[in-house]
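Here is a short report on one protein structure. Keep the model in view while reading.

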Amino acid sequence: MISFILNDKNYSTKLPPGAVTLDLIRSEAGLTGTKEGCREVDCGACTVLLGIPLQQGIKYMAVNSCILPVGELRGRHLVTIEGVNPKDGLSSIQKIFVEEGASQCGFCTPGIIMSLTGYLLNTIDPFDTGAAGSLGGNICRCTGYVSIRNAAKNISGLIGPSPAGSCYSREHLEWLVEKNMLPPYFLGIKEKLQVLDTCGSEKPHEGVSEHEIVVAGGTDLFSVEAEKLKNADLMFLSENKKMNGISITDDRINIGAATTITDIIDSRVFCSTGNLHKALELVSSAQVRNRATVGGNIVNASPIGDLTIVFLALDARLIITDGSKRRKVMLKDFFRGYKVLDLSAGELLESFEFNAPDSSMSFNFEKVAMRKHLDIASINTAAALRVSNVIIEKADISAGGVAPVPLYLARTSAALQGMNISTDTARIAVRTACDEISPIDDVRGSAVYKKLLLGKLIAAHFVELFPEFVDGEKLL
């Protein structure tokens with residue numbers, strides 16, 4: 001049995017941990033306000049809130065229920081659209097949607113309401129573009145987006161800043177209840193979770209048996225193999241505290257493999273590292289960022305994984321464990337071939353570490369995709385250049401979409417060491433990078449196109465980072 005709180009009531013299910021939450025909500029619990037759309041994390045119609053108890057309160061996240069395994073609900077608070085409806089009338093969010101004409105057929109509306117509610121739960125200072133941006137993972141096929149965006153912006157203006165010091169605190173919940181954004185039962189959820197019988201949940205272990213399938217965020221795994229995973233023996237990394245969180249020691253940053261993209265953004269550990277903080281906000285939708293993990297992105301071994309490309313440029317080192325001992329391997333040596341990793345049976349990627357960026361580092365990330373949000377890259381690249389007196393002391397450049405693996409451009413990086421920052425140096429970087437890669441023709445473009453595109457993006461690193469020394473018109 002898996003026990004959790006569903007809206008305002010304790011709930012237990014005999015569904016296997018690998019069943020998806022969307023099916024539990026609609027078929028078992030009979031709560032059909034949550035809609036089934038794509039089942040591929042693309043439309044947002046199935047968006048719900050997942051509340052995770054923390055020491056300082058409860059952290060609520062908007063997530064896609066179509067890829068959320070039931071095993072992740074144990075000891076947590078699951079909220080559907082029915083769970084945010086007041087007993088009488090409409091919530092403040094719902095009233096504004098009516099006033100703005102922001103709902104037509106209504107199919108997508110529950111997911112949109114849940115995304116906005118998740119945004120308000122996760123900020124003490126809402127603003128109009130932030131509210132509108134929280135809907136990046138929600139698609140509307142009939143209303144159009146102008147009225148929806150207007151409603152989102154009006155909500156942030158209506159509610160104003162929270163008096164609470166933390167968005168996870170009771171004070172923040174009280175403020176949202178007072179503003180009629182949440183029903184009052186939310187105020188008692190923390191105490192209900194503390195006494196909830198979780199039916200003998202097992203203590204997580206570090207190693208992995210040969211029969212277990214490891215689930216990090218599951219954003220890729222459950223979008224393509226949900227049926228195969230339904231009755232599988234699963235190991236959820238979210239339950240392993242050693243694999244979650246960010247720490248800084250002796251100018252080194254360590255990030256647990258189960259740390260989510262949202263966790264990294266919220267930590268602001270990269271807020272002073274070039275455009276990296278902003279680039280992370282472009283990775284997929286809020287619902288996916290709330291679940292997708294750094295370790296999952298790396299072990300997935302996609303040749304165009306955004307986070308892998310970023311951490312290759314940061315020269316990251318992986319810490320791998322089999323439960324009894326640990327070993328370290330450089331990320332650039334981790335990929336041995338397409339989907340082939342330096343990871344033996346029974347081993348897990350526990351965390352990774354890298355030198356904390358300082359004032360000598362200039363960092364830039366570039367990505368070209370069919371869509372700015374919610375799309376995988378055609379080509380992506382990152383550059384971390386440590387510069388002193390206009391001389392490159394160390395260069396680390398990576399590229400995705402140009403090889404069977406996420407590629408560390410070793411020759412290009414070495415060629416730049418000791419060079420002056422200039423337009424000519426940028427040309428050397430472009431030429432060396434294009435000579436170093438051997439892309440293939442595929443659905444994302446021809447090999448010729450990919451070489452040309454990577455060259456332009458390598459040039460963009462220099463133009464963005466050193467506009468006073470690099471002539472963009474001559475280079476591009």
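Helix α5 is followed by G160, whose phi is positive, near 70°. This is a predicted model. Which residues of α5 are buried? They are S147, I148, A151, A152, I155, S156 and I159. These buried residues pack against four named helices: α2 (92-99), α3 (109-121), α4 (128-133) and α6 (170-178).

**Two helices and their lengths**

The table sets α5 beside α17.

| Helix | Residues | Number of residues | Span between end C-alpha atoms | Expected span |
|---|---|---|---|---|
| α5 | 146-159 | 14 residues | 20 Å | 20 Å |
| α17 | 447-465 | 19 residues | 27 Å | 27 Å |

For α5, 1.5 Å a residue gives a span of 20 Å, and its end C-alpha atoms agree with that. Helix α17 is also close to the span expected at 1.5 Å a residue.

**Around α17**

The buried residues of α17 include A447, K450, L453, L454 and G455. Further along, L457, I458, A459, A460, H461 and F462 are buried too. What do the buried residues of α17 pack against? Their partners are both strands and helices. The strands are β15 (361-368), β16 (379-388) and β17 (391-400). The helices are α15 (410-416), α16 (423-436) and α18 (472-475).

**An open sheet**

Five strands form an open sheet in the order β8-β9-β14-β10-β11. Their pairing is antiparallel. Why is one side of β8 and of β11 left without a neighbour in the sheet? Both β8 (246-249) and β11 (326-330) stand at the edges and have a single partner strand each, so one side of each stays unpaired there. On average, neighbouring strands of this sheet are turned by 25° against each other, direction ignored.

Now take one pair. Strand β10 (residues 317-321) is joined to β11 by 5 bridges, and the two run antiparallel. Within this pair, I320 stands opposite R327 in β11.

**Nonpolar cores**

The largest nonpolar core holds 61 residues. Which of them touch the most other members? They are F311 and F363. Helix α14 (residues 306-313) supplies the largest share of this core, 6 residues.

Look at F311 more closely. Leaving out residues up to four places away in sequence, F311 touches I255, F270, V294, A316, L331, F352 and F354. Another core, of 38 residues, lies apart from the core that holds F311. Among its members are Y60, C108, L135 and L176.

Technical notes:
Residues numbered from 1 in each chain as written. Predicted model: local features only at pLDDT ≥ 70, side-chain atom pairs only at ≥ 80, totals over all residues. Heavy atoms only, no water. Expected span 1.5 Å × (residues − 1). Buried < 20%, exposed > 50% of the residue type's maximum accessible area, 1.4 Å probe, protein only. Contact = heavy atoms within 4.5 Å. Pairing = 2+ DSSP bridges. Axes fitted to C-alpha atoms, helices over the stretch in contact; angles between N-to-C directions. Core = buried A, V, L, I, M, F, W, Y, C linked by side-chain atoms within 4.5 Å.
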